[in-house]
Amino acid sequence: MFKQANWNEPLIYELSNGREGIRFKGNNEEFKQILGDISIPQSLKREKEPELPEVSEIEVVRHFTRLSEMAYGVDSGPVPLGSCTMKYNPKLSLKIATDKRLAFIHPLQPESTLQGLLKALYELQNWLASITGMDYCTLHPAAGAQGELSGVLMIRKYHEIKGNINLKDEIIIPDSAHGTNPASAAMGGFKTIEIPTDESGNMDYDAFLSSLSERTAGLMLTNPSTLGLFEERILDVAKIIHEKDGLLYYDGANLNGILGKARPGDMGFDMAHLNLHKTFSTPHGGGGPGAGPLCIKDRLVKDDIMFHDLLPGPIVIYDEKEKLYKIKWPGKYSPGLLKSFFGNVQQLIWAYTYILTLGPQGLKEAGEIAVINTNYFIKLMEDSKGYSLPYGNGRFRKHEVVLSAEPLHEETGVTAEDVSKGLLDSGFYAPTIYFPLIVKEALMIEFTESETKENIERFANRLKEIEEIAKKNPNEPKQWPINTTVRRIDMVKANHPKTITPTYRAGILRQKGILGPLR
Amino acid sequence: MEHEWIPNSNEQVKKSMLDYIGVKDVLDLYNDIPKQVLIDEEKWNNLDIGKKKPLDQIEVEKIMDNILNNNKIFDESKQFIGGGAWPHYVPAAVQYLAERGEILTAYTPYQPEISQGLLQMLFEYQSLISDILEMDVVNASMYDMASALGEAFLMSKRINDKSKILIPETINPFHLSVAKSYTSPHEISLISYKVDPNTGYSDIEDIKSKADDLSAIYLEYPYQYTGIVDINAKAISEIAHEKNALFIMGVNPLSLMLYKTPGELNADIAIGEGQPLGLGLNFGGPYLGIFATKWNAEYVKQMPGRLIGMTTSIDGSSKAFAMILQTREQHIRRSKATSNITTNSSLSAITAAIYISLLGRKGLKDVAESIWYRSHYAAKQIKSLGFKSPLFDGEFFGDFVVEFNEDFEKIRNKLIDFGILFGIPLIQYVPWAKNSWGLLSFTEVHSKSDIDFVIDKLKSLR
Ligand SMILES: Cc1ncc(COP(=O)(O)O)c(C=O)c1O
């Protein structure tokens, strides 16, 4: 039976005992003899030493080891978070991406001394272009959302260069889209128009048509959608958006669902970001970092300006004459950089290793098995009354499926949240819940190709068991979880102006009466 | 194709699953994709992807070894280069702990009860940074300092709806490019204030003359492309607040062990680069964007990014951690969110928390003092060779500019032959430099003999 560790571990501050941490004090003396004491102008000197803990090395190692035992990753068990594509993070890639030789390369080291690395990055650009059916990729963006922002800024530049930006101020986004899509559109200065989803799970085509106007700057689509369903009229959608001179953006978070089977470039998309921390196996690190390369299909913008001239961030090019790989920094038509330097290169090398290992055949296999896993699970759940399968009746899902616990909720009052706590109790991580917003009591489940058949069966059985328990004793699920480090958490206290504690310092200052309520 | 990373790729298992689903061929599961779009297997297998075939782990390691060997790798102690990322010593325990699988392979802690350890690490990161900065609220990380700066400018505009922001002439040029990308759709004008060519300090009169109708004044502290720690920081803060504008500081957390903090200087927002806190260089990332603000509800409401808070379990029996103030974020607020960010740099933040904990108060101060001593010693030694060193005579920390007597790029290239990566030819990055100017950096990884070695080589070039 699953029982998570509970060390009741104090804060690192509470462990502080004045002991010596790691010190590099060794040789300041020899400099002191030459330069004397450190002389900083009085008006620039820090007044109070910081309230930092002082703990010995073993105490720190134990502290973080214990804390990690109170956490849960793919290495611990299934993390079926829908749209997060939590696949296995190969240890081979870990070994290579954390190699000292890479760690020591400074971002401004001269290109001529980095031909091995630049060649690999150049190849990765090409591989990702092949996988997506696009012409150019920049590896620059730090995550999917930054890829989106890059794309939106390119849409903006495109219409600016054509002299239409004052008119073209709307981006169309389906209501099933991830929150980052509308947020990125807004950060790029656009209004967003939301399109409902029809019964079959596609973007409502008529609503889409009537949302179009001369104001339309672009459309952001996730395909397969967050319902795990392929957008069936994608070719019509692409044709029509282009007739309005709008650009079509592909949110690549769900690429695993069609990997090796279909490519955004062949569907008429102009741009696509990829989440390397989803489809290409780089670890998510408890929230990041990731990488969100942006790939584009080239086209003429105006006069001799090509769409690739608008790419944000650097790309690696090969100079045939000099036989050198070089970095081409963004030029005058580009929106510019989105972060410092080239990109999250550790993640890029990780993903490079993944693609190199699997090759096209292995990537296709990964995509297929991810889809088989989803539909196998759906079939296992077919006889359940407590969970329904809204939208797209009879359609096969791709990388993920969204179940609704609404029938269970109506009958017993047990919610998707309660269900997810019941999953935690049996040693699974929970699905993404209450998303997409268009599904009531949503349980969004994605196993990826990394999950075993046996675990998928266990997961389905557990969902059914939870349903049984809920029907017998609807109060019991409200008490869950009981096998995790802590039981349910007081979110009112967590967010209340009088008790909110975002840092240890704030808590202490409030106790001393120096800080009041945060309002 | 059966593969060790894809358990159900086993032919028998796969077949049993397809049978159960009730389809003959896996292709049936894709029956809603238009035929014109489906890619033919033959075509896919011949695309430029990897080596067009799967490789085993031995083959992959060989190839990757080759790729890594095909670069000139400078020993840390022979790299005298900064400009936004610096060589630092990373204790073995840092990398060891940061690779714990429960953390490395976790997602964002959406289910707090099973993610308490991860949440506590992030809370400790926020807390440790807040004590270094003396700022009360710190978020769980941004991508890097440059994107944090872009977000800080957008936050400032949301707070006071003013569109003019003053920035220093000697701002990190990468940060400037990113800040422009982030702000360009939002009618924010970035206007630079002058820096005194002798001291490297900001020109207060120039700031005053431009300080009307401001959203914010930004100070980089120290300036990453001159190393100067601006003596006018306090005066700039006062001007900003007199004009009802925000004071935004961009910091190096290590320098704050010695110099006045954003808290002492009454900054409204502080951002910074966390790479010096235990992160490798990795040719540009991942790094760590620090983002902090004051104990002011309006500011916190406008803050971008994820925040972790300490609370208790509902029954009050144990302390507990969870994500807080989520209504600012994209998954709830969508187009009205304070930012689009979701994946951030959590593992970098946790790495920084481990680093800070391992060194502790004294250890971190040692590092700051080492940086101060080494850079000041090197500046003095280079001066004794007859160069203008440092070119700006204001207070500096870690980095400084030297005016040499020839094109600096040539000097740098000659030193590469001795295994030395010697600084940045400034003219390639900033408009205010001459081609004889080099930006040099010194940190705790450089021993006195490392520095004497490079001075010696420099002498031999003359
Ligand atoms: C559908 C979808 N789009 C976009 C994103 C944003 O990507 P990232 O978290 O890499 O910024 C995500 C994941 O969070 C997602 O699931």
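**Domains, chain interface and ligand site**

Chain B is split into three parts: domain 1 covers 7-66, domain 2 takes in 76-89 + 360-461, and domain 3 runs over 92-355. The model discussed here is a predicted one.

Consider how domain 2 and domain 3 of chain B meet. In the contact, domain 2 of chain B takes part with 31 residues and domain 3 of chain B with 31 residues. Their C-alpha centres are 27 Å apart. Between them, domain 2 of chain B and domain 3 of chain B bury about 2700 Å², and 67% of that area is on carbon and sulfur atoms. Zero salt bridges are counted between domain 2 of chain B and domain 3 of chain B. Polar contacts are present across this interface, with 10 residue pairs found.

The side of domain 2 of chain B that touches domain 3 of chain B can be broken down by element. Two elements of chain B, α13 (346-384) and β11 (399-403), each supply at least two residues to that side. The largest share comes from α13(B), with eight residues. Sorted by class, this side of domain 2 of chain B holds 20 nonpolar, five polar and six charged residues.

Next comes the interface between the two chains. Here 222 residues of chain A are in contact with 205 residues of chain B. The area buried between chain A and chain B is about 18800 Å², and carbon and sulfur atoms account for 64% of it. How many salt bridges are counted between chain A and chain B? The count is 14 salt bridges. One salt bridge joins the side chains of A:Arg101 and B:Asp65, with an N to O distance of 2.7 Å. Such pairing has a general basis: side chains of opposite charge can pair when their charged atoms come close.

Polar contacts between chain A and chain B number 100 residue pairs. On the side of chain A that touches chain B, helix α12 (residues 345-381) of chain A gives the most, with 29 residues. By class, that side of chain A has 113 nonpolar, 62 polar and 47 charged residues.

The ligand also belongs to this picture, as its position is between chains A and B. It is surrounded by 15 residues, and the closest are A:Gly144, A:Asp251, A:His277, A:Lys278 and B:Thr343. Which atoms of chain A approach ligand oxygen atoms? For A:His277, a polar side-chain atom is 2.6 Å from an oxygen atom of the ligand. A:Asn275 likewise places a polar side-chain atom 3.0 Å from a ligand oxygen atom. With A:Ala145 the backbone is involved, as an N or O atom of its main chain lies 2.7 Å from an oxygen atom of the ligand.

Salt bridges can finally be taken over the whole structure. Over all chains, the structure holds 59 salt bridges. One of them is formed by the side chains of A:Asp169 and A:Arg215, at 3.0 Å from N to O. This pair links distant parts of the chain, with the two positions 46 residues apart in numbering. A:Asp169 is in the loop between α7 (144-161) and β2 (170-174) of chain A, while A:Arg215 is in the loop between α9 (205-211) and β4 (216-222) of chain A.

Technical notes:
Residues numbered from 1 in each chain as written. Chains lettered and ligands numbered in written order. Predicted model: local features only at pLDDT ≥ 70, side-chain atom pairs only at ≥ 80, totals over all residues. Heavy atoms only, no water. Domains from an automatic or database assignment. Contact = heavy atoms within 4.5 Å. Buried area = accessible area lost by both parts, 1.4 Å probe. Salt bridge = Lys/Arg side-chain N within 4 Å of Asp/Glu carboxyl O. Polar contact = N/O pair within 3.5 Å; in protein donor to acceptor, adjacent residues only side chain to side chain. Helix = DSSP H or I, 4+ residues; strand = E, 2+ residues; numbered from the N terminus. Nonpolar A, V, L, I, M, F, W, Y, C, P; charged D, E, K, R; others polar. Near = heavy atom within 4 Å.
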